[in-house]
Amino acid sequence: MAGEIFRDGSVLSNPMTGLMIGILVTVMVQSSSTSTSIVVSLVSSSLLTVKAAIPIVMGANIGTSITNTLVALMQAGNRDEFQRAFAGATVHDFFNWLSVLVLLPLEVITGYLYHLTDAIVKTFNIKSGKNAPDLLKVITDPFTKLIVRLDKKVISEIATGNEAAKNKSLIKTWCKTLKHVTLSNVTVPSPQNCTSPSFCWTNGNTTWTLMNVTYKQNIAKCKHAFVDVNLSDETIGFILLALSLLALCTCLILMVKFLNSVLKGQVATVIRKTINTDFPSPFGWLTGYFAILVGSGTTFIVQSSSVFTSAITPLVGIGVISLERAYPLTLGSNIGTTTTAILAALASPGSTLRNSLQIALCHFFFNVSGILLWYPVPFTRLPIRLSRGLGNISANYRWFAIFYLITVFFLTPLTVFGLSLAGLPFLMGVGIPVLVFVFVVLSMNLLQAHCPQILPKKLQTWDFLPLWMHSLQPWDRVVSLLMSYLQLRGRCRCSKCCDPVEEEKAIKIPIKLPEVHENTAVVVEETRPMSKTQEAQDVKNVSNCTAL
């Protein structure tokens, strides 16, 4: 699906469409490096220009931040922890969205990222070198390769228009192959297609020529769990998705419980002070920049910004790392993942070296520009304030976190993508009124919060609107009623399963009654009807147990 989305080059030339496609593809493949590598393949195949690829790289930067936002949901059981964790996760989202909001229009108007990276690539006579060192993958690859091995080249082949790749499986079967090149007679449509006039023969309507033909010989099969399994790619994908989500949730829950049990009392106080304390005066302002370096270095080691930001999210939730300290660490992780991409680009073959390096540099300077916009001056650190506000809302209305995820990472990109397929007039006709409406609402909120006196009395609050238009309380009641209805329906379905139990209106209770016969006490079974209270309690208990 990711490959199919990338196929229409004319659609990708629209910056907004490219941005949304970058988000969608990265959300689907859960890796910004994978989506960036597909873009490099498209550029190298002349199906996409570097200028058109820059918005897709910006979208990939946004899409990769969904992972730590999902991780924050694991702490929804504790309201305070969830508020901090969700704020710590979405600070990454707000940084990426705000950076795109400013830098994408600037890039469309001036092309500063393209011209800057183009000048760097032209200035330095860069040649192919060694690949980025595998650090964390040395530990993880032996285990993951036992589970499954994927052929990611298939995605790039589909994106570049190779029809034969549509029938290929993503599951790698042969890990060791050998290519043979032989000179063979090949039929061609006409003598103009011959490799040389001296190697061209015609017999009636048939023309032959000598041509090098490559044959691939399979030598050794891969050794993973799905190599000989007769299942479709979709089925294997769902199995892997379920297993990975189970592993992710289990590890996160255990990690949070472990940290909660270890980081208590004086230990937590010492660690909290150590991590969140600034450098002594007059070097206190350097603390944040040092945190950026730490985040960048750690991400370079683990080679994934998603891994690093997902690891610090539970720590923010339990209060070990403050939101103010998590913000520069997150910014550093954005830089760290681009340095890995630059090293990977330097290892590209000569045909793709220039394009892959320029795109990796665009990614790098985009993040550097974002840091210059939203970090050096304290009052410009809007992502901290916005994420804290969203964390407070999600802690009070926990369903809003799911709504946020679906809207930001799926519905909005899909809507914009659909409108751009319909044409630029449709996109502009819907997009401009929506942007104007959002701008007016934000401006009104700012004026109501800071300068209400300059507004007419009626506009100083949103109370003149219906409650459902300016408060989440009515929506919360609707969600609560819906959840109650679903629970009730589950109980009703369950009670139908328990009809045989309910139909037994009486129970047998052994009691002792004195009898004169042979002066002995005989145990007699007497059937006593159940009271209504006992009957209702029994049905309730059975229903609850079955529902659970």
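# Helices, rings and salt bridges: a quick tour

Lys 122 and Asp 118 sit together in helix 8 (residues 112-123), four residues apart, which is about one turn of the helix. That spacing is handy, because an α-helix has 3.6 residues a turn and residues three or four places apart point the same way. Sure enough, the side chains of Lys 122 and Asp 118 meet in a salt bridge, at 3.2 Å from N to O. Keep in mind while you look around that this is a predicted model.

**Salt bridges**

- How many salt bridges does the structure hold? The count is four.
- The two partners in helix 8 differ in cover: Lys 122 is exposed, with a relative accessible area of 58%, while Asp 118 counts as buried at 11%.
- Asp 118 and Lys 122 aren't a closed couple, either: together with Arg 354 they are linked in a network of salt bridges.
- Lys 221 and Asp 228 also bring their side chains together in a salt bridge, with 2.8 Å from N to O.
- Lys 221 counts as partly exposed at 39% relative accessibility, and Asp 228 counts as exposed at 57%.
- Then there's Arg 388, which forms a salt bridge with Glu 324; their closest N and O atoms are 2.7 Å apart.
- This pair links distant parts of the chain: Arg 388 belongs to helix 17 and Glu 324 to helix 15 (residues 323-346), 64 residues apart.
- Both ends of that bridge get some exposure: Arg 388 counts as partly exposed at 32% relative accessibility, and Glu 324 counts as partly exposed at 38%.

**Aromatic rings**

- A pair of aromatic rings is described by two things, the distance of the centres and the angle of the planes.
- How many aromatic pairs are there? The count comes to 11.
- One of them is Tyr 289 with Tyr 375, an edge-to-face pair with 5.5 Å centre to centre and 90° between the planes.
- That pair links distant parts of the chain, with Tyr 289 in helix 13 and Tyr 375 in the loop between helix 16 (350-374) and helix 17 (382-396), 86 residues apart.
- Is Tyr 375 buried or exposed? Tyr 375 is buried, because its relative accessible area is just 5%, under the 20% cut-off for that label.
- Tyr 289, at 30% relative accessibility, counts as partly exposed.
- Tyr 397 and Trp 399 make another pair: their ring centres are 6.4 Å apart and their planes are at 55°, so this pair is called tilted.
- Tyr 397 is buried with a relative accessible area of 18%, whereas Trp 399 counts as partly exposed at 21%. The 20% cut-off for buried falls between those two values, so the labels differ.
- Look for a group as well: Trp 285, Tyr 289, Tyr 327 and Tyr 375 form one aromatic cluster.

**Charges over rings**

- Tyr 375 has a charged companion, as the charged end of Arg 381 sits over its ring, 4.1 Å from the centre.
- Lys 221, which you met in a salt bridge with Asp 228, also lies over the face of Trp 174, at 5.8 Å from the ring centre.

**A nonpolar patch on the surface**

- Phe 279, Phe 283, Trp 285, Leu 286, Tyr 289, Phe 290, Leu 293 and Val 294 make a nonpolar surface patch of about 800 Å².
- Where is Tyr 289 in all this? Its place is in helix 13 (residues 287-302).

**Helices 3 and 4**

- Helix 3 (residues 15-29) has 15 residues and reaches 21 Å from its first C-alpha to its last, close to the expected 21 Å.
- Why is helix 3 described as largely enclosed by the rest of the structure? It's because 11 of its 15 residues are buried.
- Those buried residues of helix 3 include Thr 17, Leu 19, Met 20, Ile 23 and Val 27.
- Helix 4 (residues 32-44) has 13 residues and spans 18 Å between its first and last C-alpha, close to the 18 Å expected.
- Helix 4 has buried residues too, among them Ser 32, Thr 34, Ile 38, Val 40 and Leu 42.
- After helix 4 comes Ser 46, whose phi is positive, near 65°.

Conventions: Residues numbered from 1 in each chain as written. Predicted model: local features only at pLDDT ≥ 70, side-chain atom pairs only at ≥ 80, totals over all residues. Heavy atoms only, no water. Patch = residues over 30% accessible without salt bridge, like charges linked within 9 Å, V, L, I, M, F, W, Y side chains within 5 Å. Areas by Shrake-Rupley, 256 points an atom, 1.4 Å probe, with all protein chains shown as cover. Helix = DSSP H or I, 4+ residues; strand = E, 2+ residues; numbered from the N terminus. Phe/Tyr/Trp six-rings, centres within 6.5 Å; stacked < 30°, edge-to-face > 60°. Buried < 20%, exposed > 50% of the residue type's maximum accessible area, 1.4 Å probe, protein only. Lys NZ or Arg CZ within 6 Å of the ring centre and 35° of its normal. Expected span 1.5 Å × (residues − 1).
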